[in-house]
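Colleague: Please take one part of this model and go through it closely. I want burial, polar contacts and neighbours, with the cut-offs spelled out.

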Amino acid sequence: MMECIKEESEDIKVVFIKEESEDMKVENVFDLKYEETEEQTSEKVKTEETFRLKDEETEELTVEQCTRRDSDESDDDVTADESEVSSVDLIAEEMFLDGRDVLLDKLSSDNETEEDWEPASKKIQTEGHDSRSEKKAHPTSQRGSASRRPRGRGRGRGRGRTGSSISQAEISTSTDERWNDVDIQDVTPPQATFRPTNPPGPKVKRTDTYTALQFFQLFFTNSMLQTVIKNTNDYGSIHHSNPSNPWIDMSLPDIFAFMAIIIYMGLVKLPALSDYWRVGNLYSFPFPKKLITKKKFLRICRSLHLSSLVDDAANEKRKGTARFDRLCKIKPLYIEMRDACKANYHPGQNISIDERMVASKARMQQYMKNKPVRWGYKLFVLADSSNGYTCDFFVYEGKMSGNTGKGLSYESVMKLINTQLLGTGYKLFLDDFYTSPSLFCDLLKKKIWACGTIRTNRIGFPKTKMNTLDSKSPRGSIRWLRKDPLLFVQWRDTKDVFMCSTIHTAHAGDTVQRRLREADGRWVFKDISIPPAVKEYNRCMGGVDPSDALISYYKVIRKTQKWYHTFFYHFLDIAIMNAFLLYKHITKDKGEVPMHQKAFRETLIDELAAAAGAGLPPTPHRAHHKPAHISGDSTTGRLRCRHCQAKTPVKCSSCDVPLCFLPSRDCYNAWHVASNI
């Protein structure tokens, strides 16, 4: 076909030149294709306008189809648009062989316009362009016709995304995104319809009366304790038994006594374990001596074992392989504790996820420089925002089993959010370690709404800086940008706070009080604007933190050389804390005033001691409380009476409390009666 066209007269060449642009100063199309190299035309392309690239890309296809050899590409490589152009070329060739004019005869016979010669692919690409691009698309209203070959273009460029289309998309993105001020009203997103699988709250009969020990045993059941007893006896009989000092099997009362002493040590803190059994004026604690001997307690501490020795040996053989279980030595208690947390309480609508550090420097520990506990084991915890109840948790092993490829923060949240167990319509609050646009969108597909602080370098965070807060923006300034369904908020407090939410609207006129410095140097309290996302985040994010704080007050954990002992003590803390929160919830439902945590732990210690069969030390008889003079003189060394605050030379010999003992002021007997002594 190519040779046939080349051998024809100059008249035929004129026909094709009429179709070309008048600005294209070449003798013919065929000489241009073979004489003009890519290196010569590459500099010309750089001067082309952005909106001409797309039109010229389509023109390239038309010219290439007219000038391409049949052997240039196979039939499989021809697209639908290319097939249509090729059919036009065949008609032109037949008209040429019949001696007819290719352009004039076709227009007169088919009553078509020049616009009908425009390839279909070009018409689709130019739809939706502005008036400038539409003028460029029309072959008679601009320089260059539809058959003009784009200079410096390779033949394969037209089959994928063109450079002009990418530039147009980038321009659209950069101009559409803009941070909005509060004078622009935001939409209110669809709100969550709360559909929990169970009624929120404790899953126990709320009309019944429970003791502190019964609440505790909802988490540390007798079956769990029997597992610990069996594994401890197996381990102790092998590793801590000899002919001169054989191992004596531990029983259920022994484990009750052991746990009572462990919890007691959280209330009464001493430097060393042996100090609780010391005798003397400084160290005289009758409770541990009455409950268990020092030798037996220390022996249980050394032999405490949570997993089966058979399972440990089998797991040790798998060391170095993918099947090796790093949590094998805590697995029985670990699984049952997680199940108990989920089985005894159903969280309310507001929940939060955060990490918890368990202090330790044994193996498998993590280092977190910004945490109060820097070295230790990391636990990811799902908590009820209203009270800090630990709904679920898992221990971070240094790797995640998920294959999403979206990172630890994404997979840890998805591992804790189980809609089949929880239900839908929950509001989840996260900090900036977890928050990402992809996570929030995937949670929304599960019908879980989310809100949290976000890092500005997260993938999906708006990159535009147009109309963001500057250094002169006052405190309380708000900027927002919505990418439905995601809302991004920038708020100026002492520093900029960035939020992402699928729950809130951008602004609602809420205020918060802050202490600000006036121009004259005076400090005053003023109300500043606060976005709803920040306000509710501050109220609901603290689910895990209050739980950590309550545990830290009287935590039972002590230094140990075995890493799995650390988890036993922490599981004990989780059980006590969750039991206390259940007790508090039910007591308030009955209209009663609950005891505080310290009193709850003291009551639990007493009940564990009673279950161990030892009971508490007997209360001293009244006859032991005798009045005595503080000094040998009735005026020297006087102290203030504990009952009436007057000076007195008398005290109780047993209580060591100064009390008045006069006919007109018998504070001694009045105080003892009031104290039930």
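Modeller: What follows is a close look at two asparagines, Asn344 and Asn578. This is a predicted model: local features need pLDDT of at least 70, side-chain atom pairs count only at pLDDT 80 or more, and totals for chains, interfaces and linings use all residues. Residues are numbered from 1 along each chain as its sequence is written, and side-chain values use heavy atoms, with hydrogens and water left out.

Start with Asn344. It sits in the loop between helix H17 (331–343) and strand E3 (345–346); helices (H or I, at least four residues) and strands (E, at least two) are DSSP runs, numbered from the N terminus. Asn344 counts as buried because its relative accessibility is 10%; buried means under 20% relative accessible area, exposed over 50%, partly exposed in between (1.4 Å probe, protein chains only).

Now its side chain. It reaches the backbone oxygen of Ala340 at 2.8 Å. A polar atom of the Asn344 side chain also lies 3.2 Å from the backbone oxygen of Leu218. Beyond four places in sequence, Asn344 touches Gly201, Pro202, Lys203, Leu218, Phe219, Tyr389 and Leu582. Contact means heavy atoms within 4.5 Å.

Next, Asn578. It belongs to helix H23 (residues 563–589). Asn578 has 0% relative accessibility, so it counts as buried. The Asn578 side chain reaches the backbone nitrogen of Thr390 at 3.2 Å. Neighbours within four places aside, Asn578 is in contact with Phe219, Cys341, Tyr389 and Thr390. Phe219 and Tyr389 thus appear in the contact lists of Asn344 and Asn578.

Technical notes
Polar contact = N/O pair within 3.5 Å; in protein donor to acceptor, adjacent residues only side chain to side chain.
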